[in-house]
Amino acid sequence: INQKKNIEKIFNKNPDLIVTFGCSILSKKFINKFNNKIINVHLGLSPYYRGTGTNFWPFVNNELQFLGVTFLSIDKGVDTGPILHQFRSRLSVKDNIHEIGNRTIQDLINPLKKLILNYKNLKKVKQWKYKEYKYYKEKDFEDENVIKLFQNYKNKIIKKYLLKKMMIDKKFKIVKSKVI
């Protein structure tokens with residue numbers, strides 16, 4: 001996507017808005033060319049989790065309150081742009097990580113539609129400092145992390161979280177757009 005020919009091809013289409021989801025890191029050149037016209041759909045809640053696998057690592061780290069979606073404007077950092085809207089993933093005691101992931105993706109469709117339709121009027125919230133944020137890269141995926149995830153499942157991670165969900169979630173703010 002960051003190749004000059006691709007940037008020019010998109011630029012020539014003159015898009016009102018670009019939505020990214022699961023793409024590689026956009027170059028400064030790309031970002032500058034489409035300044036303030038890019039919504040990134042980030043699985044995971046920023047600023048708590050950034051980078052890759054951001055709905056995987058909360059299972060490993062026993063932090064299910066950070067499962068969800070962040071819709072944000074792109075800036076030059078990785079998952080650091082102003083937040084448009086966030087929501088936490090819906091969980092059920094019998095869920096597995098794949099069911100939660102698929103449901104979360106399904107659940108992002110309607111809010112995304114509303115954000116696109118109201119983009120020019122959206123309030124953008126600068127990300128707050130969170131000193132314990134986590135930033136993961138592909139190289140961080142190791143067997144030991146998958147083993148830990150399965151150990152957490154065996155130890156009823158979802159049930160334990162759901163019993164205290166309201167109390168835990170209150171400690172970690174998220175941004176709710178008024179258009180949703």
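This dialogue walks through the pockets and a surface patch of a predicted model.

Colleague: When I look for hollows in this predicted model, how much space lies in the largest pocket, and which residues are closest to its centre?

Modeller: A useful habit is to take the volume and then the lining, and here the largest pocket holds about 770 Å³ of space, with 41 residues lining it, of which Gly22, Cys23, His42, Gly51 and Thr52 are the closest to its centre.

Colleague: Which elements give two or more residues to that lining, and which gives the largest share?

Modeller: Those elements are the strands β1 (18-21), β2 (38-43), β4 (68-73) and β6 (134-136), together with the helix α4 (97-117), and the largest share, 7 residues, is given by α4.

Colleague: How does the lining of the largest pocket divide by class?

Modeller: Sorting the residues by class gives 18 nonpolar, 18 polar and 5 charged residues for the largest pocket.

Colleague: What lines the second largest pocket, and how much space does it hold?

Modeller: About 210 Å³ of space lies there, and the lining residues include Pro47, Arg50, Thr80, Trp128 and Tyr133; by class, the lining has 5 nonpolar, 3 polar and 4 charged residues.

Colleague: Turning to the surface, which residues make the nonpolar patch?

Modeller: Ile25, Tyr133 and Tyr135 make a nonpolar surface patch of about 310 Å², and Tyr133 also lines the second largest pocket.

Colleague: Why does Tyr135 count as partly exposed?

Modeller: Tyr135, which lies in strand β6, is partly exposed because its relative accessible area is 35%, a value in between the cut-offs of 20% for buried and 50% for exposed.

How values were computed
Residues are numbered from 1 along each chain as its sequence is written. This is a predicted model: local features need pLDDT of at least 70, side-chain atom pairs count only at pLDDT 80 or more; totals for chains, interfaces and linings use all residues. Side-chain values use heavy atoms; hydrogens and water are left out. On a 1 Å grid over the protein atoms alone, a cavity is a set of points where a 1.4 Å probe fits but cannot get out, and a pocket is an open set with protein on both sides within 12 Å along at least five of seven lines; lining residues have an atom within 4 Å of a point. Grid points are joined across faces, edges and corners, and a volume is the space filled by probe spheres set on the points. Helices (H or I, at least four residues) and strands (E, at least two) are DSSP runs, numbered from the N terminus. Ala, Val, Leu, Ile, Met, Phe, Trp, Tyr, Cys and Pro count as nonpolar, Asp, Glu, Lys and Arg as charged, and the others, Gly among them, as polar. Patches are made of residues with over 30% relative accessible area and no salt bridge: like charges are joined within 9 Å, nonpolar side chains (Val, Leu, Ile, Met, Phe, Trp, Tyr) within 5 Å. Accessible areas come from the Shrake-Rupley method with a 1.4 Å probe; for residues, only the protein chains shown count as cover. A salt bridge is a side-chain nitrogen of Lys or Arg within 4 Å of a carboxyl oxygen of Asp or Glu. Buried means under 20% relative accessible area, exposed over 50%, partly exposed in between (1.4 Å probe, protein chains only).
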